[in-house]
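Dear colleague,

Please find below the structure that I am handing over to you. A short account of what was found in it follows.

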Amino acid sequence: MPEFPPAIAQYFDCINNERWDAFPEVWAADAELVGVGGHHYRGRENVLGYYPPVLAPFPVHFDDAYTCYADGDVYTVEIEFRGETHEGTPVSFEAVDVFTLRDGKIGRLTTWYDVDAVRDAARRPGPRETRIRRVIERAASRSPFYQGRGLDPDAELSSLPTTTEADVLGDPAAFATTAGPAVARLTWLDGQGALPLTHGDAYDEVRMLRLALETAGAKRGEIVASLGIPGFEAAVAATGATLLSGGGSGTVEVSILAPAETGPLGVECAQGQLHLLADDHVLEVIDGRLVTTPLCRRGAPLLRYATSESGSLVDGQCACGSPLPRFARA
Ligand SMILES: [Zn+2]
């Protein structure tokens with residue numbers, strides 16, 4: 001570690017070890033912080049409030065401050081951030097912090113990094129087993145419906161009873177694990193209430209729709225008619241294809257199976273085969289019924305949800321070349 005003035009050394013010690021009790025000491029009372037994207041915090045209390053939410057997605061994090069350039073009271077520090085998300089995805093990125101010291105305390109800090117790249121990295125799915133555990137833990141700790149069932153947070157998914165459409169339609173609010181500004185969108189259930197999606201869920205939905213669209217053949221130069229489902233337009237843009245809204249048919253036929261309760265589940269390829277968005281679902285066939293545990297519905301987790309679809313899994317590789325497994329609707 002390079003030579004730092006004590007306040008800056010203590011700053012990194014506090015962040016890396018989450019010593020929030022000692023953190024106020026390093027700041028001047030009238031300190032200010034300018035974050036990327038124009039966020040401006042004035043006064044020590046407001047500055048301190050910046051940190052916990054920024055670090056919240058990273059239960060494991062370390063700011064490796066590897067160079068420090070001094071010019072009078074201004075210190076420019078290059079940092080490699082290394083961390084891990086709740087789902088176990090490793091994330092690292094470069095950042096630059098510019099500190100201005102006053103009387104040995106931090107009077108001003110501007111901090112720079114690529115916000116979009118960090119957000120994308122933080123939302124990259126983690127290992128499948130970890131994601132399944134997180135869904136079960138979240139349902140057990142925050143869903144009134146699953147709490148009512150006495151769900152054990154350490155239970156194996158395959159040991160759990162299924163959840164039925166009647167369970168969900170009977171009391172959709174009992175499945176909600178989030179409220180207020182943490183809700184990005186509500187998904188309406190046929191006039192019988194709604195389930196909330198978190199901002200992460202809404203982001204994942206666009207990622208899943210993009211994969212579905214690419215599997216259907218959407219790419220630059222193709223025209224895709226709008227299906228009017230949330231996130232669809234953003235997903236079309238991400239493929240590079242052109243969106244056609246207001247009716248008419250595009251150059252690519254897109255047929256996506258997306259029950260309101262579970263989000264996008266499958267997509268038809270050019271061979272007319274139904275492919276499963278397998279990374280984001282644990283799909284089972286129980287008594288001929290498609291049963292899924294969606295991994296991207298944190299706002300209203302569903303464990304082994306028995307959809308209204310009957311079907312079966314299909315073995316072997318599809319002629320379209322997609323690596324996604326196939327299934328068939330009965
Ligand atoms: Zn195919």
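**The nonpolar cores**

In this predicted model, the largest nonpolar core comprises 42 residues, and those with the most contacts inside it are F175, A212, L213, A216, A218, V236 and L277. At least two residues of this core come from each of α4 (128-142), α5 (144-148), α7 (199-216), α8 (232-239), β11 (256-257), β13 (274-276) and β15 (289-294). The most is given by α7, which contributes six residues.

L277 is in contact with M208, L211, A212, P264, L265, G266 and L324, leaving aside its neighbours within four places in sequence. Another core, of 16 residues, lies apart from the largest one; I8, Y11, L33 and V47 are among its residues.

**The surroundings of F175**

F175 is found in the loop between α6 (165-170) and β7 (183-188). This residue counts as buried because it has 25 C-beta neighbours inside 10 Å, the cut-off being 20 or more. Not counting residues up to four places away in sequence, F175 touches S143, F145, V168, L195, A300 and L302. Between F175 and Y146 the distance is 7.7 Å, C-alpha to C-alpha, although they are 29 residues apart in sequence.

**The chain as a whole**

The protein chain has eight helices and 17 strands, and its C-alpha atoms fill a box of roughly 75 × 50 × 35 Å along the principal axes. Of its 330 residues, 30% are buried. Among contacts with a separation of 6 or more, 53% involve residues 24 or more positions apart.

With kind regards

Note on methods:
Residues are numbered from 1 along each chain as its sequence is written. This is a predicted model: local features need pLDDT of at least 70, side-chain atom pairs count only at pLDDT 80 or more; totals for chains, interfaces and linings use all residues. A nonpolar core is a set of buried Ala, Val, Leu, Ile, Met, Phe, Trp, Tyr and Cys residues joined through C-beta atoms within 7 Å. A residue is buried if 20 or more other C-beta atoms lie within 10 Å of its own, exposed if 12 or fewer, and partly exposed in between; C-beta atoms are placed from the backbone. Helices (H or I, at least four residues) and strands (E, at least two) are DSSP runs, numbered from the N terminus. Two residues are in contact if their C-beta atoms, placed from the backbone, lie within 7 Å.
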